[in-house]
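I opened a fresh page for this one and kept my entries short. Here is the structure I was looking at, followed by what I looked up.

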Amino acid sequence: MNAVFSFSQVARLPMPGDNVAIATQRLEAGTGINYARRSFALSHTVMEGHRFAVEPVEPGQFLLSWQLPFGVAERALQPGDYACNQSMLDALSIRQLDFDLPEQANFVDRIEPYQLDPANFQPGAALSPHEERRTFRGYGRAGGRGVGTRNYIVVLGTSSRTASYARLLAERWSGRPAGDGVVPIAHTEGGGGAAPNNRELLLRTLAGFVVHPNVGAVLAVDYGREAVTNDMLREYMVAHGYALNHVRHCFMRLDGSFAAHLAAGERQVAAWAEEMAREQRGEHDLSQLKIALQCGGSDAFSGISGNPLAAWVARELIRYGGAANLAETDELIGAEPYVLQNVKDVETARTFLQMVERFKERVAWHGASAEGNPSGGNKFRGLYNIALKSIGAARKRDPDVRLDYAIEYGEPLKGSGFYFMDSPGNDLESIAGQVASGCNAIFFVTGNGSITNFPFVPTIKIVTTSERYQLLAADLDVNAGAYLDGTPMDELGQVLFERTLRVASGQRSLGERAGHAQVSIWRNWQQTDTSRLEELLAAPVPEGRPAPVRPEVGPAVSFSMLDGALDQVGLVLPTSLCAGQIARLCAERLNARHVGREQGLSRFVALVHTEGCGLSSSGATEQMHLRTMMGYAAHPLARRVLLLEHGCEKTHNDYMRNGLEEWGLDPAVFGWASVQLDGGIVKAMDKVEAWFRQALAETEAPVAVECGLGALRLGMQATGALGEDAARSLAQLTRWVVTAGGTVVVPHNAALLREPAYLESVLVEPSDAATLPYGQAAAEPGFYVMETPTDHWVETATGLGATGVDLILAHTGEHPLQGHPLTPVVQVSADPTVTARYGDDIDWALTGVADDWAEQLVALLAEVARGERVPGALQQHNTDFQLTRGLLGVST
């Protein structure tokens, strides 16, 4: 017999008048529901968080949650019918489910455009202030910087080019006293050659970081040749009135030895640490607390338990004179009626709506829709479309709280009140803007169990259901699911309010104790209108065939390869940004425990990146992402590979399993782990280690074979000034390798291809046209030009690595490049100015007779291949990794 339940046992109706309900547990097909003096049975198995009809809904009628429409019935729904749209069915179709989904959708997405009526607008009333005064213990800052809840030294990589410097210097100081610690701000932006479209936004964000009240001192580092430099940042801060003179700071330029500058940075940090040791917390009014309201890995219960709980505390904080900041513009599309039902004035309402429209327009420039925001994890947990996601997300504003301001990304908060800040729905990108605006604490509401943290602002994680809290209790601070279990919201709110004051006063949150954090600033968008859209959408993908090369036999050289690769590496491949830091922790632990050494592994590597959470676009951008990930999954250097998901991203493990099968790879050969579904960070790390130990024990030892130039798979790059002699030498090396049967891959943005001396002497029919898609493994030996949508070096190196090359040879004509964490980057230069300034970081200076340079390069590569020389960037751990979004990727 099928089970029968009263409605309140197994479902929730967000508001009276809704015609669909939310299942609070998985309900099998045929389950009976007693509801409002009548009974019905479920048509299909309904997953937890998914919706079923409780009233008849005729074709053309709206489906309602919180009395707001989220779709229109395209066929009649009867009580008990599983409410589903096509995007939800598509998202679940690639999941490994043990039940049958409905064969067809019964509603379509439709958002009714919101129309502001200025003539009948009624301004909202401000909250009545609390009469008593509350305080917290923080660090008072001069110059109007506010009060810090923490006291950190920040190493700021001003652009992506110095991100690895920031990480390395912070790691050097790990465990030593320096206020609350030394943390890096390592991000992906501003490292190209051309001015990015997000430069103003980037400078505003960096400026906000520098003067943030949680920052006791900041060291900003650049090379001085990037699209965004220290000079630009300083000028921006002065021009816009930031209190730069009221924070300890130093602008450092890397104009020489990398190691020497690390030592100089360490000395600067030591001096600041001594000063900061004398600083103490003091009592400060609660009006100095500013909370970022954020959600990630949302589910159907976010709008019922977690977000209203965060809103409860935000309301009380504002009554004490504090501030709260709501963000994620695209995650409020469809919820405008609720957001704007209580607003300070019509101008604020108009500004909010203009920001929404501007966001939609920017996304449309890239051939995408802002309404495509929900991730695979959102849909799996019941948020079928942007309207449902937005209606729940908007509940971070309590109905009694007035929307006081609508501000730009990273714009400083003016004072007390409730703010909306324009930002993408990408969690980390949105948080960076809220921090830059001055938020000194973060409420992060999660349904799936997101575990992300920001480096210098404490994050309090609020989970929406008791079941998910029990699964992830070691990583999540607060169980809002207790509200679903019967605890009054006022009681939960008061408990969280007091906990927030303790955290603001120095008590560490679980995220802080976990020891991982990540920064992602609103990433650059490549298009500024639709003028190129049709052309870009129709752009052909290179066929992936090698171009004929002029033959030339090179010198004999010998080195060993292990099962056809120069090295044997264990690879932890995070499927998205939120799994990245846990993948890094896994690799560090495996290396520290010397796992795999007996089986011939040299090291473990994690490829940490910022993509995959919701994928910023589909079509060509999504395919570029997938083929790059597949290139690493099958990389010759990777002896065994494990894929680690966060659990709520679009590019989750099931997505990757389908990708592997699509690319002809066997998913059973790979390891799989999930931060969320395996029970949290520690349990996931234990699972990763156990899999590698077992998999390596079952793997035969690699066989060493002596090889020559014909076995090389070589990436070749050149940046800055090159010169004819260097171009001819690299051309000769290319001919030798390819003639011997090897592979050379040159990125399309390489300075090599702008030198006639290179192309004309390498190719039978000289052409700089791309012949290999970005990130696609070369299917056969030969010469390829890989497409490169941007001039971002790390994105280029990431694409080169995915083609399967064992080494990357890079000629630099400006300054040393970051290395690649998996594929060694060998750096050379024929420019005496470069070698004189950066000689310690250049692996080889091309000097003497130019006709001998090609042979010098062969000898250098052979040394690296034999393990006799470790490239400087790899040895120093000056490496970075970043997947490109191409020309049509955009944050949502």
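By how many residues are Arg 350 and Glu 347 separated in helix α9? I looked this up first, keeping in mind that the model is predicted. The two are 3 residues apart in α9 (residues 346-365), so about one helical turn separates them. Their side chains meet in a salt bridge, at 2.5 Å from N to O. I then checked how open this pair is to the outside. Arg 350 has 27% relative accessibility and therefore counts as partly exposed. Glu 347, at 46%, also counts as partly exposed.

Entry: a salt-bridge network.
I noted that the structure holds 53 salt bridges. I picked Glu 611 to follow further. Glu 611 forms a salt bridge with Arg 523, and their closest N and O atoms are 2.9 Å apart. This pair links distant parts of the chain: Glu 611 sits in the loop between β26 and α19 (620-633), Arg 523 in the loop between α16 (510-514) and α17 (533-537), and their positions lie 88 residues apart in the numbering. Is Glu 611 buried or exposed? I found 3% relative accessibility, so Glu 611 counts as buried. Arg 523 counts as buried because its relative accessibility is 5%.

Glu 611 has another partner to write down. The side chain of Arg 885 meets that of Glu 611 in a salt bridge of 2.7 Å, N to O. Here too the pair links distant parts of the chain, with Arg 885 in the segment after α27 (872-875) and Glu 611 in the loop between β26 and α19, 274 residues apart. I marked both Arg 885 and Glu 611 as buried. Which residues do shared partners join into one network of salt bridges? My list reads Glu 189, Glu 429, Arg 523, Glu 611, Glu 795 and Arg 885.

Entry: an open sheet.
I traced 7 strands that form an open sheet, in the order β19-β20-β18-β17-β21-β22-β23, with parallel pairing. Its edge strands are β19 (405-407) and β23 (478-479), each of which pairs on one side only. A reminder to myself: strands of a sheet pair through backbone hydrogen bonds, in either a parallel or an antiparallel way. Inside this sheet I looked at β21 (residues 441-446) and β22 (residues 459-463), which run parallel and are joined by 5 bridges. Phe 443 has Ile 460 in β22 as its bridge partner.

Entry: strand β34.
How many of the residues of strand β34 are buried? I counted 5 of the 5 in β34 (residues 825-829) as buried, so the strand is largely enclosed by the rest of the structure. Val 825, Gln 827 and Ser 829 point one way from β34, while Val 826 and Val 828 point the other way. Next I looked up the strands that pair with β34. Strand β33 (residues 807-813) pairs with β34 in the parallel sense over 4 bridges, and Ala 810 has Gln 827 in β34 as its bridge partner. Strand β35 (residues 844-845) also pairs with β34 in the parallel sense, over 2 bridges. There, the bridge partner of Val 828 is Trp 844.

Entry: positive phi values.
I wanted a look at the backbone too. Most residues other than glycine have a negative phi. Asp 563 has a positive phi, near 50°. I placed Asp 563 in the loop between β24 (559-562) and β25 (569-574). With 43% relative accessibility, Asp 563 counts as partly exposed. For His 594, phi is near 55°, again a positive value in a residue other than glycine. His 594 is in the loop between α18 (577-592) and β26 (603-606). His 594 counts as exposed because its relative accessibility is 53%, and the cut-off for exposed is over 50%.

Entry: two last look-ups.
Asp 427 lies in helix α12 (residues 427-436). I found Asp 427 buried, at 6% relative accessible area. Asp 427 and Gly 297 are 130 residues apart in sequence, with 8.9 Å from C-alpha to C-alpha in space.

On the surface, I noted a negative patch formed by Asp 725, Asp 851, Asp 852 and Glu 855. Glu 855 lies in helix α26 (residues 853-865).

Definitions and conventions
Residues are numbered from 1 along each chain as its sequence is written. This is a predicted model: local features need pLDDT of at least 70, side-chain atom pairs count only at pLDDT 80 or more; totals for chains, interfaces and linings use all residues. Side-chain values use heavy atoms; hydrogens and water are left out. Patches are made of residues with over 30% relative accessible area and no salt bridge: like charges are joined within 9 Å, nonpolar side chains (Val, Leu, Ile, Met, Phe, Trp, Tyr) within 5 Å. Accessible areas come from the Shrake-Rupley method with a 1.4 Å probe; for residues, only the protein chains shown count as cover. A salt bridge is a side-chain nitrogen of Lys or Arg within 4 Å of a carboxyl oxygen of Asp or Glu. Lys and Arg count as positive and Asp and Glu as negative; His and the chain ends are not counted. The place of a charge is taken as NZ of Lys, CZ of Arg, CG of Asp or CD of Glu. Two strands pair if DSSP finds at least two bridges between them. Buried means under 20% relative accessible area, exposed over 50%, partly exposed in between (1.4 Å probe, protein chains only).
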